[in-house]
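Here is a walk through one protein model, written for someone who would rather look than calculate. Keep the viewer open and follow along.

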Amino acid sequence: MNKKNLIGKVLFVALWGVICLNAYAQEKEYPQQERMKPGMSEYWTPQPSIVTPGACQGDGLVSPPSDAIILFDGTDLSAWESARKEGGPARWTIADGIFTVDKKAGDIQTKQKFESYQLHLEWRIPENITGTSQGRGNSGIFMQGKYEIQILDCYNNETYVNGQTGSVYNQTPPLVNAMRKPGEWNVYDIIYAAPVFTADGAYRYPPTVTVIHNGIVLQNHTAILGTTEYIGFPQIQPHGAGPIVLQSHGDPSEPISFRNIWIREL
Ligand code: MG
């Protein structure tokens, strides 16, 4: 075999090898990612210890500071609207200076959109509450419409800890359990810092939240990892100012009530 033929054969074999390898790579099958289920991101231990909050004197109602934007003062829901796509008024029930979730009406949200703020909000689990775990007085506050601080009856009601009262839902459990009994008013003071995004949509600074429940810190400047999903991992979705959304949860327990809601933009 002359030198020219030998080089030709070598090149032919090499080319054939590349073609075979390429075909193998195309045919090779990799495992599919397992479909996410709720239990994959929920965990039950360690349960946060119980801290008994100070008792309410009288009705415990403190009027808002002078520079607050009033979101509910006991009279009407004019600062709120339906969170459904079709919009419309917030059709939750108002009586005796408080409003109560109407599960048929869906979530409601503030008409005004916000960035960073201090939010005060009071909520009450009905005295005759029934149900267990997440099916017992479930609601929630979505900051900028995307990040839920959980509201739930966790008084003598265990659930996965990253879904209990004051959790960044399905992410970060509260430091302690500071629940008052069903029938008594709970107070949330939430300090929320909106995220800053890079040009390609990642967090330059993630959103952070401090949650004080009945005077007790549950979240201490906690970094939020992304949207608070029921199933799956947090998602980072670039966004601007957003509403405060109150959740109408689909569980069959009695609906919870709210009063005295105000906000100070930061
Ligand atoms: Mg909830």
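A residue counts as buried when its relative accessible area is under 20%. Tyrosine 117 has a relative accessible area of 0%, so it is buried by that rule. Bear in mind that this is a predicted model.

**The metal site**

Which residues coordinate the magnesium ion? Asn138 (OD1), Ser139 (O), Glu148 (OE), Gln150 (OE1) and Gln247 (OE1) do the job, at 2.2 to 2.3 Å. Along the chain, the donors follow the spacing N-S-x8-E-x1-Q-x96-Q. Two of these donors can be checked for burial. Glutamate 148 has a relative accessible area of 4%, so it is buried. Glutamine 150 is at 1% relative accessibility and counts as buried too.

Some of the donors turn up again around a cavity. The count of cavities of 30 Å³ or more comes to 1, and the largest cavity holds about 40 Å³ of space. Its lining includes Asn138, Ser139 and Gln247, along with Val101, Lys103 and His249 among others. Asp251, Ser253, Glu254, Pro255 and Ile256 also belong to the lining.

**Aromatic pairs**

How many aromatic pairs does a search of the whole structure find? The count is 12. One of them is the pair of phenylalanine 72 and phenylalanine 99, which is edge-to-face, with 4.7 Å centre to centre and 85° between the planes. Phenylalanine 72 sits in strand β1 (residues 69-72) and phenylalanine 99 in strand β4 (residues 98-100), so this pair links distant parts of the chain, 27 residues apart. Both phenylalanine 72 and phenylalanine 99 are buried.

Tyrosine 117 has a ring partner as well, tyrosine 192. Their ring centres are 5.3 Å apart and their planes are at 40°, so the pair is tilted. Tyrosine 117 lies in strand β6 (residues 117-124) and tyrosine 192 in strand β9 (residues 185-193), so the pair ties together parts 75 residues apart in sequence. Tyrosine 192, at 1% relative accessibility, counts as buried.

Ring pairs also build a cluster out of Phe72, Trp80, Trp92, Phe99 and Phe258.

**The nonpolar core**

In soluble globular proteins, nonpolar side chains tend to be buried together. Here the largest nonpolar core has 45 residues, and Trp80, Ile190 and Phe258 touch the most other members. Elements giving two or more residues to this core include β1, β6, β9 and β15 (257-265). Which element gives the most? That is β6, with 4 residues.

Ile190 is a good place to zoom in. Leaving aside neighbours within four places in sequence, isoleucine 190 is in contact with Tyr117, Gln118, Leu119, Ile141, Met143, Ile149, Val209, Thr210 and Val211.

**Buried polar residues**

Is asparagine 260, a residue of strand β15, buried or exposed? With a relative accessible area of 10%, asparagine 260 is buried. Not counting residues up to four places away in sequence, asparagine 260 touches Leu61, Val62, Pro64, Phe72, His120, Leu121 and Glu122. Asparagine 260 and tryptophan 123 are 137 residues apart in sequence, yet their C-alpha atoms are 8.8 Å apart in space.

Serine 41 is found in the loop between α1 (3-27) and β1. Serine 41 is buried, with a relative accessible area of 17%. Among the residues that serine 41 touches are Asn162, Asn170 and Tyr230.

**Backbone oddities**

Most residues other than glycine have a negative phi, and most peptide bonds are trans. A few spots here go the other way. The peptide bond from threonine 45 to proline 46 is cis, with omega near -5°, and proline 46 is in the loop between α1 and β1. Two asparagines have a positive phi, and the table puts them side by side.

| Residue | Phi | Loop | Relative accessible area |
|---|---|---|---|
| Asparagine 170 | near 65° | between β8 and β9 | 8%, buried |
| Asparagine 214 | near 55° | between β12 and β13 | 9%, buried |

Asparagine 170 has already come up, as one of the residues touched by serine 41.

How values were computed: Residues numbered from 1 in each chain as written. Predicted model: local features only at pLDDT ≥ 70, side-chain atom pairs only at ≥ 80, totals over all residues. Heavy atoms only, no water. Donors = N, O, S within 2.8 Å, 3.2 Å for Na, K, Ca; no water. Buried < 20%, exposed > 50% of the residue type's maximum accessible area, 1.4 Å probe, protein only. Phe/Tyr/Trp six-rings, centres within 6.5 Å; stacked < 30°, edge-to-face > 60°. Core = buried A, V, L, I, M, F, W, Y, C linked by side-chain atoms within 4.5 Å. Contact = heavy atoms within 4.5 Å. 1 Å grid on protein atoms, 1.4 Å probe; cavity = no way out; pocket = protein on both sides within 12 Å on 5 of 7 lines; lining within 4 Å. Points joined across faces, edges and corners; volume = space filled by probe spheres on them.
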